[in-house]
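User: Could you teach me how to read a surface and an interface from a model? Please give me the general idea of each feature before the case itself.

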Amino acid sequence: MVLLPFRIKVKNAETGATVEMELEQNNTVDEVIESAATFWNKEMGTYVVRKGKKVLRGTQALSDAGVREDDMLELVPDPEGG
Amino acid sequence: MEEIIRPAEVDVDRFDRPRRVGWLDLDAVFRAKLLMVGAGALGNEVGKNLVLSGFRDITIVDMDRVAMSNLSRCMFFEKGDAEGSILKAEALRDGMNSLADKGAVKAVACSIEECSTDLFEKSTAVLGCLDNIIARMYTNAQSYHAGKPYIDGGMEGFAGRVMIVRPPGGACLQCGMNRSHAKMANLRFSCTGSETTLYEPRLASEITTTSLLASVMVREIIKHVSGRNDLMLSNAFFYDGRTNRAEEFEVPLNPECPVHLQ
């Protein structure tokens, strides 16, 4: 079975900006984080992606994480300072 | 014989006001043994809240020394501490003891990885006020395996996060980590030939976010020792100080997380 690419929106929690991202079902959450952080020229740091109230696991494929066409994910800083 | 009361008598009791919070178990607070890892900005604020709340038995672990740049965020550090390069754990211990009702704050000046795991076993709960992922992962894992609740705070600029870990069930701190955390952890220990250099990023930090996160952390510990886990945050609390918005997220347990595989 051929899985077609699909599009989602990713929101930058720090600025409110959004970007559309074209993905395949086997892309991972880690890849979404890296692509979004690179697009927004984020400094190297720690981030999570959430869908609704749920933080998505980095290694999960988007299909396993329940990410579907037109979903909105949010890139949130996970600060490490103390 | 009838009990005699006098005007303003209630003001003699240092803890009269918290005693008025119905669900708060002050005796449990007095008895609790806390392990606090990290004595930086967050550690100072958490420490202040702990001793004013009535916690008496607290062990602070930190290996660093006070620097001048700490003074804008650390109420217990003074210029002389920075000039004398005093150990943070000891400066914080002295400050907390001076503020405490019955001071029994102890300082251990080493990294948490060098400490005996007995510290975890003997604690009622563990507070993470750390500034790096490696120490967080270690503290999270040791707390989890000792079956002790772990409350971890992290911040940068106006962004903050508090994670609540309550073994034996539910997700731990590491369950919520991904490749961006692994990269930052690796960056800390970058090997160049035979040498390992420690990379310490200088992160943006300011006191109001620190103060708010410390309040959340100590409030959660008070709930736990008071037996009110039902009131506790279930998982992760994210805070954006620029908009003053806070939200609770769910971090699901990761069955591949090394902490849960052991």
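**Surface and interface**

User: Why does Val21(B) count as partly exposed?

Analyst: Buried means under 20% relative accessible area, exposed over 50%, and partly exposed lies in between (1.4 Å probe, protein chains only). Val21(B) has 31% relative accessibility, so it counts as partly exposed. This is a predicted model, where local features need pLDDT of at least 70 and side-chain atom pairs pLDDT 80 or more, while totals for chains, interfaces and linings use all residues. Residues are numbered from 1 along each chain as written, chains are lettered from A and ligands numbered from 1 in written order, and side-chain values use heavy atoms, without hydrogens or water.

User: Where is Val21(B)?

Analyst: Look in the loop between α1 (16-19) and α2 (26-31) of chain B.

User: How many residues of each chain are in contact?

Analyst: Contact means heavy atoms within 4.5 Å. Here 26 residues of chain A touch 40 of chain B.

User: Which three residues of chain A supply the most buried area against chain B?

Analyst: Buried area is the accessible area (1.4 Å probe) two parts lose on being put together, summed over both. Chains A and B bury about 2600 Å² between them, 51% of it on carbon and sulfur atoms. Pro79(A), Glu80(A) and Gly82(A) supply 26% of what chain A buries there, more than any other three residues.

User: How many salt bridges cross the interface?

Analyst: A salt bridge puts a Lys or Arg side-chain nitrogen within 4 Å of an Asp or Glu carboxyl oxygen. The rule finds five between chain A and chain B. Glu34(A) forms one with Lys183(B), their closest N and O atoms 3.1 Å apart.

Definitions and conventions:
Helices (H or I, at least four residues) and strands (E, at least two) are DSSP runs, numbered from the N terminus.
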